[in-house]
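Please open the model in a viewer and keep the selection tool at hand. The tour proceeds by selections, each followed by a description of what is found there.

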Amino acid sequence: MSNGLVSLYKKYEDYFPIGAAVNPQSLKIHRDLLINQFNSLTSENHMKFEALQPEKGVFNFTVADELTAFAKEHNKLVRGHTLVWHNQNPAWLFQDDDGNRVNRDTLLARLKEHAETVMQRYKDTVYCWDVVNEAVEDTGPEVLRQRSPWLEIIGEDFIEQAFIIAHEANPDALLFYNDYNESEPAKRDKIYQLVKGLKEKDVPIHGVGLQAHWNIYGPSIDVIREAIEKYAELGVVLHVTEMDLSMFEFHDRRTDLTEPTEEMLERQAQRYEEIFSLFREYKDVVTNVTLWGAADDMTWLHNFPVRGRTNWPLLFDMKHNPKPAFDRIIKF
Ligand code: GLA
């Protein structure tokens, strides 16, 4: 308890850790909230490739070290995010000294050096890694996202190579494939096929990360349930890695609101309530639930994907007070 408020993570102690994405600023301004309400942390941006190795062979651990020190001091888990992604890579990674694209062996060697350096450094603090992020195509017949330098340079087996490298770098870390739109049936089935193929080849993969960037209208609880059941068939654990519930449907472009309506807050509370109840039901497979932020004053959904629009997707409001959604997920 702190300020008379129930602690979310303590309330969920018999279910799963409750996480939040953090950045250097939020570690300061959400400090009390993070300490009292969450027991798992994910770096929003500072464990990505471009942040950790901005220049070839030159690592920058300043922010990641601050985060892991904070986690250690306050007894929080840390999820590692992320090793292989098509975004937020330094330009040097895919180029040789003449600016030409490197070949497969060079890129694999660079990934190996990166993974070893980073995963060894944080082996006592980071218990799991999103090894590959967002490699599956959303629509159409292709399983893999085609416009990815990893796929283009290494070839289709870049995913299994990444898991093998990560497992060698730290055999104790739990290794995840992580993606968004993970509950949409078409993409869900592709992710399922991908992971099934990896398991059949004995590739060291231990979990599927459901990003869960959802909204107050969808996906429906049935669709989420089906996704959980389908992924669970693979014999892997599931982490909800980046959850938030936007107040707007994906195609809604309205920008007129300066605060959420009562109706929105109520709908959001109902959605959080039913979704968390579902997660509790599947606590044997859902083993971490992380929100993509702690409070509404800091979310990637301000100005994205609609410029000039504020959003309120999280459990605590702009002033860090609990929202109706918070009250509902601690009542069970
Ligand atoms: C994706 C990535 C995250 C983050 C969000 C936006 O979901 O996995 O690392 O960049 O987009 O904040």
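The stops below cover two pockets, a set of paired strands and several salt bridges. The model is a predicted one.

**The largest pocket**

Begin with Tyr180, Asn181, His213, Phe250 and Trp300. Among the 34 residues that line the largest pocket, these five are the closest to its centre. The volume of this pocket is about 860 Å³. Colouring the lining by class gives 12 nonpolar, 13 polar and 9 charged residues. Next, display strand E7 (213-215) and strand E8 (237-246), the elements that each contribute two or more residues to this lining.

**Strand E8 and its neighbours**

Keep E8 selected. Is this strand mostly covered or mostly uncovered? Of its 10 residues, 9 are buried, so that E8 is mostly covered under the cut-off of 20% relative accessible area.

Now add the strands paired with E8, beginning with strand E6 (residues 207-210). E6 and E8 run parallel and are joined by 4 bridges. To locate this pairing, select Val208 together with Leu238, its bridge partner in E8.

Turn then to E7, which pairs with E8 in the parallel sense over 3 bridges. Here the residues to select are Trp214 and its bridge partner in E8, Leu245. Adding helix H10 (residues 221-232) completes a right-handed β-α-β unit made by E7, H10 and E8.

Strand E9 (residues 286-291) is the next selection. It runs parallel to E8, and 4 bridges join the two. His239 and Asn288 mark the pairing, with Asn288 in E9 standing opposite His239. Following the chain from E8 to E9 leads through helix H11 (residues 262-281), and this β-α-β crossover is also right-handed.

**Salt bridges**

Side chains of opposite charge can pair when their charged atoms come close. The model contains 19 salt bridges, and a few are visited here.

Select Arg225 and Glu281, whose closest N and O atoms are 2.7 Å apart in a salt bridge. Which helices does this pair tie together? Glu281 belongs to H11 and Arg225 to H10, so the contact links parts that are 56 residues apart in sequence. Arg225 counts as partly exposed, at 28% relative accessibility.

For a pair within one helix, move to helix H6 (residues 104-121). Lys112 and Glu116 both lie there, 4 residues apart, about one turn of the helix. Their side chains meet in a salt bridge with an N to O distance of 3.3 Å. Lys112 is partly exposed at 31% relative accessibility, and Glu116 is partly exposed with a relative accessible area of 34%.

Proceed to Arg254 and Asp256, which form a salt bridge with their closest N and O atoms 2.8 Å apart. Asp256 is exposed, with a relative accessible area of 53%, whereas Arg254 is partly exposed, at 34%. A network can be displayed next by selecting Arg188, Asp189, Glu226 and Lys230, which are joined by salt bridges that share partners.

**The second largest pocket**

The final stop is the second largest pocket, with a volume of about 260 Å³. Residues that line this pocket include Glu259, Pro260, Leu265, Trp312, Met318 and Lys323. What classes of residue make up this lining? The lining divides into 6 nonpolar and 6 charged residues, with no polar residue.

Technical notes: Residues numbered from 1 in each chain as written. Predicted model: local features only at pLDDT ≥ 70, side-chain atom pairs only at ≥ 80, totals over all residues. Heavy atoms only, no water. 1 Å grid on protein atoms, 1.4 Å probe; cavity = no way out; pocket = protein on both sides within 12 Å on 5 of 7 lines; lining within 4 Å. Points joined across faces, edges and corners; volume = space filled by probe spheres on them. Nonpolar A, V, L, I, M, F, W, Y, C, P; charged D, E, K, R; others polar. Buried < 20%, exposed > 50% of the residue type's maximum accessible area, 1.4 Å probe, protein only. Pairing = 2+ DSSP bridges. Right-handed = clockwise from strand over helix to strand, strands pointing away. Salt bridge = Lys/Arg side-chain N within 4 Å of Asp/Glu carboxyl O.
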